[in-house]
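Thank you all for coming. I would like to walk you through one structure this morning, so please have the sequence and the model open while I talk.

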Amino acid sequence: MKKNILDLSFNELKTAMLEFKFEKFRFTQLCDWIFKKHVFDFTKMTSFSKILQAQLAEKFTLFVPSIDEVLASKKDGSYKFLLKTHDGNLIESILMLAPGRATICVSCMIGCPLKCRFCATGSEVGFIRKLYAGEIVGQFLVVEKYAQEHKLADHITNVVFMGMGEPFLNLDSVDRAIATFTDENLFGLSKSKITVSTAGVGSTPGAGKAAGSGSVIADFINKYGVNLAVSLHFTNDALRSEYMPVNKTFPLEKLVADLKKINLSKRDYITIEYIMLAGINDKLEHAKQLVKLLSSVKVKFNLIPYNPTDSLSKLIDAKPSSEKAINDFALYLKSKDFTVTVRRSHGVDIEGGCGQFALKKRSK
Ligand code: SAH
């Protein structure tokens, strides 16, 4: 099978181009066509001869996901993209705009195997397959092209792996995609502009290389120096296992032990994501447990009001926490000197929660 050219690293691409025996500058031109001009068809790369175009097409495909639908949120200025992979599956990306910043939230899987009960991706969409690195890179390219054409942003400046899927269960592709995002010859994003979010599945004992720390998460974050966000959400194993089955295999103690192995620079923190479910995990006792659990890790908190959807409400009897509960929870954490932000959910009005848009579309 022909390889998607977007799956290749910079060096692999360079080697492949040199094999064609064309002038060296053709390689720089190819990168410009794809990564700067967003041209995804070899025959439209007009500075190339027909022979080079044919050679490229003979050896590679150039698949980027196609845009199936775009929904603009009236509330927060985010854009939700429903994209179709070459084999006809739906994935989501979100573009979030702020002054001087354009962040893309990418998916790394079609669906998710983790089945967190509050999440539409795992509980409703199910798990179809992992994405290739080129499909993650492709999300960036099509969304950036759209943003430029619609004058929303000149460039995407930040990437968060918070769409569908669990990055640490698709490490090969995520690793490759991050290498491409941070390669100064390609996207050139600084590592501080990239965040990987995990439910904590990387903490398998002995999975790290002998030379590593023994923690998949820590080894990966230490290798790239990208930011880590952890979907912690619950403060004790009984509760967490009830809502996040992954906790049965990777309980909190292991997860926290892994987080301690991450080398953080002075200014860096691990972000703890905490979904706020009314009466379930939003009481003062939970805030206290949270502080105790994470007392020896450098963290900041992102409180996320639960985003209920019609389909989820059939599966889980939960409501978003009240403003007061969220504020009280945040105040307690702040009183213990933690930095706390409250995510006023991006794109709630456009089914902006993880997997919710893809789900809505499927069920039409
Ligand atoms: N598997 C990774 C990446 C997905 S990130 C992880 O778990 O971190 C998606 C984020 O959205 C996670 O923090 C997830 O817990 C959160 N989320 C999922 N469903 C949600 C919902 N209904 N309301 C609010 N946040 C939700």
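**Strand 9 and its neighbours**

Let me begin with a single pairing, in which C105 has V160 of strand 9 as its bridge partner. Before going further, I should say that this is a predicted model, in which local features need pLDDT of at least 70 and side-chain atom pairs count only at pLDDT 80 or more, while totals for chains, interfaces and linings use all residues. Residues are numbered from 1 along each chain as its sequence is written, and side-chain values use heavy atoms, with hydrogens and water left out. When I speak of helices (H or I, at least four residues) and strands (E, at least two), I mean DSSP runs, numbered from the N terminus, and two strands pair if DSSP finds at least two bridges between them.

Strand 6 and strand 9 run parallel and are joined by three bridges. Three bridges also join strand 9 to strand 10, again running parallel, and here the partner of V160 in strand 10 is T195. Which way do the side chains of strand 9 point? N158 and V160 point one way, V159 and F161 point the other way, and all are buried, where buried means under 20% relative accessible area, exposed over 50%, and partly exposed in between, with a 1.4 Å probe and protein chains only. In a regular strand the side chains alternate between the two faces of the sheet.

**The sheet as a whole**

Stepping back, these strands belong to an open sheet of 10 strands with mixed pairing, in the order 3-4-5-6-9-10-11-12-13-14. Its edges are strand 3 (66-72) and strand 14, each of which pairs on one side only. At one edge, strand 3 and strand 4 pair in the antiparallel sense over six bridges, and V70 has F81 in strand 4 as its bridge partner. The hairpin of these two strands has six residues between them, and in it G77 takes a positive phi near 75°. At the other edge, strand 13 and strand 14 pair in the parallel sense over three bridges, with F301 standing opposite V340 in strand 14.

Two helices can then be placed on this sheet, taking contact to mean heavy atoms within 4.5 Å, and taking axes as lines fitted to C-alpha atoms, for helices over the stretch in contact, with angles from 0 to 180 degrees between N-to-C directions. Helix 5 (residues 133-149) lies across strands 3, 4, 5, 6 and 9, running at about 50° to strand 5. Helix 6 (residues 171-182) packs on the sheet, touching strand 9 and strand 10, and its direction makes about 175° with that of strand 9.

**Helix 13**

Helix 13 (residues 323-335) has 13 residues and reaches 18 Å from its first C-alpha to its last, close to the 18 Å expected at 1.5 Å a residue, the expected span being 1.5 Å times one less than the number of residues. Its buried residues are A325, I326, F329, A330, Y332 and L333. They cover an arc of only 160° around the axis, which puts them on the same side of helix 13, the arc being that of the directions from the helix axis to the C-beta atoms. On the other side, K324, L331 and S335 are exposed. What do the buried residues of helix 13 pack against? They pack against strand 12 (270-276), helix 11 (284-293), strand 13 (299-305) and strand 14 (340-342). Just after this helix, D337 takes a positive phi of about 70°.

**Aromatic pairs**

Finally, a search of the whole structure finds 13 aromatic pairs, where rings of Phe, Tyr and Trp (its six-membered ring) pair if their centres lie within 6.5 Å, and planes under 30 degrees apart count as stacked, over 60 as edge-to-face and the rest as tilted. The rings of F35 and F187 have their centres 5.1 Å apart and their planes at 85°, so this pair is edge-to-face. F35 lies in helix 2 (residues 25-36) and F187 in the loop between helix 6 and strand 10, so the pair ties together parts that are 152 residues apart in sequence. F35 is buried, with a relative accessible area of 10%, and F187 is buried as well, at 14%. Ring pairs link F35, F140, F161, F181 and F187 into a cluster, and F161 brings us back to strand 9, where I began.
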